[in-house]
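Subject: Handing over the structure

Hello,

Here is the structure I promised to pass on to you. Please open it alongside this email, and then read on.

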Amino acid sequence: MPTSTSPASSKKSAVKKSTSNTTGNNSISLTTALLAIAFAFLLMAFTMPSFLQRFFRPMSTAMGITGSGGGSPRPAIPEGAEKATVGAGCFWGVEHLYRKHFGDKGLYDARVGYTGGDATNPSYKQVCSGKTGHNEALLIYYDPARITYRQLLEFFYRMHDPTTINRQGPDAGSNYRSGIYFHNEEQEKVAKEVTKQANDQWYKGRIVTEVVPAGPWWDAEDYHQLYLNKNPWGYECPSHYLRPFEPLEQK
């Protein structure tokens, strides 16, 4: 005798099937949403504005992510060139701004590296630990007939924040301190004059920049050289920009 199916039984079966389909659709929707979020996060990491990229700097360093391209050989420096050394926070952005502003105005070369510490030939990891005493710095070779040391230092005080001790923007540590490292007596004189004028006229007595003799210099690892040229979307400290100050009045 054929087995009959009651209307109530059919209704329960339909509800169960509908619930199963809904659960399956929800799982698919959730998976799709998670994939979309993951893709958006990765896209954001490569296209977000510089001021948010601080989050990715320690990850890229720890994972060994570096820019494309091979070595960055040092160009020949003409006889008569002079050099200037400054520290203004993360050296990627410092190098980038100096090259951008002075690249066609007499700048021969700019190297990122370490100075002001005790260890011999320190690594980036050692410097970031704060145990070597080194500062992330920029060594500039320039044509004194086209650029003056004073111009380089006035630019220095415009392109970073010299009022924070052992910090530049979100980057904290003694390796991010503000510093001018002079190479001779004339540079010392100019450095102290410009610092005083910038302190009085621009920063109202808040400058904490160290002005000391240049010590041993160590080039940073190759992947740090021209970093933002190799990595256009790489991290650049948000405090690295030109302040719209009036020219310093020389008294």
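Below I go through what was found, starting with the sheet and moving on to rings, charges and a surface patch.

Before anything else, please keep in mind that this is a predicted model.

**The sheet**

A good place to begin is the open sheet, which is built from six strands in the order β7-β6-β1-β3-β2-β8, with mixed pairing. The edges are taken by β7 and β8 (218-219); each has a single partner strand, so one side of each is left without a neighbour in the sheet.

Further in you will find β3, residues 135-142. How many of the eight residues of this strand are buried? Eight of the eight are, so β3 is largely enclosed by the rest of the structure. The cover is on both faces: Asn-135, Ala-137, Leu-139 and Tyr-141 are buried on one side, and Glu-136, Leu-138, Ile-140 and Tyr-142 are buried on the other.

The pairing of β3 can be followed strand by strand. With β1 (residues 82-88) it is antiparallel and runs over five bridges, and Ala-84 has Ile-140 as its bridge partner in β3. With β2 (residues 107-115) the pairing is also antiparallel, over eight bridges, and here Ala-110 stands opposite Ile-140. If you click on Ile-140, then, you can look towards Ala-84 and towards Ala-110.

Strand β1 also pairs with β6 (residues 178-182): the two run antiparallel and are joined by four bridges. One position to look at there is Val-86, whose bridge partner in β6 is Ile-180.

**The aromatic rings**

The count of aromatic pairs comes to nine. Why is the pair of Phe-156 and Tyr-157 called edge-to-face? Their ring centres are 4.9 Å apart and their planes stand at 70°, and planes over 60 degrees apart count as edge-to-face, so the pair falls in that class. Phe-156 and Tyr-157 are both buried.

Tyr-203 and Phe-245 make another edge-to-face pair, with 5.4 Å from centre to centre and 80° between the planes. This pair links distant parts of the chain, 42 residues apart: Tyr-203 is in the loop between α6 (185-201) and β7 (210-213), and Phe-245 is in the segment after α7 (227-230). Tyr-203 is buried, at a relative accessible area of 5%, whereas Phe-245, at 26%, counts as partly exposed.

Two more things to look for with rings: Phe-91, Tyr-114 and Tyr-124 form one aromatic cluster, and Arg-243 lies over the face of Tyr-241, at 4.0 Å from the ring centre.

**The salt bridges**

How many salt bridges does a search of the whole structure find? The search gives nine, and I will walk you through some of them.

Arg-177 and Glu-210 meet through their side chains at 2.8 Å, N to O. They lie 33 residues apart and link distant parts of the chain, with Arg-177 in the loop between β5 (171-172) and β6, and Glu-210 in strand β7. Arg-177 counts as buried at 12% relative accessibility, while Glu-210 counts as partly exposed at 25%. Elsewhere, salt bridges that share partners join Glu-95, Arg-99 and Asp-109 into one network.

Within that network, the closest N and O atoms of Glu-95 and Arg-99 are 3.2 Å apart. Both residues lie in helix α3 (residues 91-102), four residues apart, about one turn of the helix. Glu-95 is buried, with a relative accessible area of 2%, and Arg-99 is partly exposed, with 24%.

Arg-150 and Glu-193 form a further salt bridge, with their closest N and O atoms 3.3 Å apart. This one also links distant parts of the chain: Arg-150 is in helix α5 (residues 149-159) and Glu-193 in helix α6, 43 residues apart. Arg-150 counts as buried at 15% relative accessibility; Glu-193 counts as partly exposed at 31%.

**A patch on the surface**

Last stop: Leu-30, Leu-34 and Ile-37 form a nonpolar patch on the surface, and together they have about 320 Å² of accessible area. Leu-30 is found in helix α1, residues 7-47. Is Leu-30 buried or exposed? With a relative accessible area of 52%, Leu-30 is exposed.

Enjoy exploring, and write back whenever you like.

Warm wishes

Methods: Residues numbered from 1 in each chain as written. Heavy atoms only, no water. Phe/Tyr/Trp six-rings, centres within 6.5 Å; stacked < 30°, edge-to-face > 60°. Buried < 20%, exposed > 50% of the residue type's maximum accessible area, 1.4 Å probe, protein only. Lys NZ or Arg CZ within 6 Å of the ring centre and 35° of its normal. Pairing = 2+ DSSP bridges. Patch = residues over 30% accessible without salt bridge, like charges linked within 9 Å, V, L, I, M, F, W, Y side chains within 5 Å. Areas by Shrake-Rupley, 256 points an atom, 1.4 Å probe, with all protein chains shown as cover. Salt bridge = Lys/Arg side-chain N within 4 Å of Asp/Glu carboxyl O.
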